[in-house]
Amino acid sequence: MTKLMIEDRCILNGTVEISCAKNAILPIIAAALLTEEKCTLKDVPALDDVEVMEAVVRSTGAHAVREGQNQLIIQAESITDYEATYELIRKMRASFLIMGPMLARVGKVRISLPGGCAIGTRPIDLHLKGFSTMGANITLGHGYIEAYAERLKGDSVYLDFPSVGATENIMMAACLAEGLTVIENAAEEPEIVDLASFLNKMGGNVKGAGTDTIRIEGVKALKGTTHTAIPDRIEAGTFMIAAAATGGDVTLQSVVPEHLKPVTAKLKEMGAEITESEKSIRVRANERLNPIDIKTMPYPGFPTDMQSQMMTAMCVAKGTSIATETVFENRFMHINELKLMGAKIKVDGRSAIIEGCEKLSGARVKATDLRAGAALAIAGLCAEGATEISDVYHIDRGYITIEKKLQKLGAPIKRIEE
Ligand code: EPU
């Protein structure tokens, strides 16, 4: 079993390089199935989730190979298998993102239902609603979804909630559909804009990404292209919070400050000093942070993927904060672990009331999901004595060598393989 061991509290100082965004790369890998030509993705971190997505596209008969350390080549010259098995979908829910590209490219797909996960039930009804509006014939049985469509037909799809995955899946499918597809109440996340930019480089015609209405005019075929995904705003936000919570001084390189506005605004409210330049952000804090309230919302609201990390900062703030989770119904699993470290948190429905204390105390804790694991790593950096985090595989799904990046900032953290 792999563990992260943090010896004692520390103050983070220095510069950290942010990697390309996992949540931008995953749909882009799926989108490469839309063409028989070669797609080259640059600066792709070898995250566990990215490797699962590579395996998923390979399972369709496509080639996905790494060149050097960080270049990923995908070529789906011919698609020979139409099934994404339970084993693959179970490993990573985002594997479901191949449904749109497969339906559009080869007209059929059999895919395991993803089921729930640690952060909630996470239905896929909005994805399916989109595909059936576009003429797909969908049947469900034995835990699988089968979908057929000779050629999808563009139509208007209204999403009841601006789901990131549904927007991406429908947007990809619409690129090869006949005529115009309009997605209303679409998700506006930067990862959607990045996917649209990749699809347009492939010869697609996607307009309005980044707003709540996306218009996609279908084309007959797409071509190969080369792309570098946007910087990971969640990895960046995690380091920003770690810097502020430890009273440090950290400069993040290779970021898009605009994407980090919701986090920046809250950290400023907490008293951190933030300096932005075109591609970097410096975060400084030299005293205990002020308490704040946050409510997670779709972009440009405060991201649900930052809620647990921000809660750790609230745990050591000088007063009472409230965190309300509105996007996922079960994203408070980190609370019990934070309590083991001395945090004072009460849950009232979808809100957590956090009474800040001067310092946390090191303990043995368990990462319950990816972002919860990141929150515990920050807690360990703010805790007196040693913290041991188990189930580190959750953290490795979305943070590349987190311990190395933190070590560079002076954190007494190491990875232990047992
Ligand atoms: N939802 C439905 N029906 C659907 C789809 C979603 O009711 O058909 C609900 C979900 O149950 C949830 C809400 O809508 O309550 C938001 O889900 P969304 O579809 O927006 O999320 P996702 O596409 O499954 C992506 C990220 C998540 C991130 C969310 C929200 C990827 C691969 N995953 O998930 O990232 O939390 O958007 O921003 O892009 C993470 O990186 O740790 C992570 C969980």
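What follows is a chat about a predicted model, its ligand site and some of its helices and strands.

Colleague: Before we start, what kind of model is this, and how are residues numbered?

Modeller: It's a predicted model, where local features need pLDDT of at least 70, side-chain atom pairs count only at pLDDT 80 or more, and totals for chains, interfaces and linings use all residues. Residues are numbered from 1 along each chain as its sequence is written, and side-chain values use heavy atoms, with hydrogens and water left out.

Colleague: Okay, the ligand. How many residues surround the ligand, and which are the closest?

Modeller: There are 23 around the ligand, and D125, S163, D305, V327 and R371 are the closest. A residue is near a molecule if one of its heavy atoms lies within 4 Å of it.

Colleague: How do those 23 split by type?

Modeller: The shell has 11 nonpolar, 5 polar and 7 charged residues. Here Ala, Val, Leu, Ile, Met, Phe, Trp, Tyr, Cys and Pro count as nonpolar, Asp, Glu, Lys and Arg as charged, and the others, Gly among them, as polar.

Colleague: Which helices each supply at least two residues of the shell?

Modeller: α1 (22-31), α5 (125-133), α6 and α12 (370-381) each do that. Helices are DSSP runs of H or I with at least four residues, strands are runs of E with at least two, and both are numbered from the N terminus.

Colleague: What about polar contacts to the ligand?

Modeller: A polar side-chain atom of S163 lies 2.6 Å from a ligand oxygen, and one of D125 is 2.7 Å from a ligand nitrogen. For N23, an N or O atom of the side chain is 3.0 Å from an oxygen of the ligand. A polar contact is a pair of N or O atoms within 3.5 Å; within protein, one must be able to donate a hydrogen and the other to accept it, and residues adjacent in sequence count only if both atoms are side-chain atoms.

Colleague: S163 again! What does S163 do at α6?

Modeller: It caps the N-terminal end of α6, with a side-chain oxygen 3.5 Å from the backbone nitrogen of G165.

Colleague: And is α6 itself enclosed or open?

Modeller: Largely enclosed by the rest of the structure, because 10 of its 11 residues (164-174) are buried. Those include G165, E168 and N169. Buried means under 20% relative accessible area, exposed over 50%, and partly exposed in between, with a 1.4 Å probe and protein chains only.

Colleague: Switching to sheets. What's the strand order in the one with β15?

Modeller: That open sheet of 4 strands runs β2-β15-β17-β16, with mixed pairing. β2 (13-17) and β16 (273-276) are at the edges with a single partner strand each, so one side of each has no neighbour in the sheet. Two strands pair if DSSP finds at least two bridges between them.

Colleague: How do β15 and β17 line up?

Modeller: They run antiparallel, with 5 bridges joining β15 (residues 249-253) to β17 (residues 280-284). L252 stands opposite I281 in β17.

Colleague: Which strands make up the sheet with β1?

Modeller: That's another open sheet of 4 strands, ordered β23-β25-β1-β26, with mixed pairing. β1 (residues 2-6) and β25 (residues 387-390) are antiparallel, joined by 3 bridges, and L4 has I389 as its bridge partner in β25.

Colleague: Last one: where is S321, and what does its side chain contact?

Modeller: S321 sits in strand β19 (residues 320-324) and is buried, at 0% relative accessible area. A polar atom of its side chain lies 3.1 Å from the backbone nitrogen of I292.
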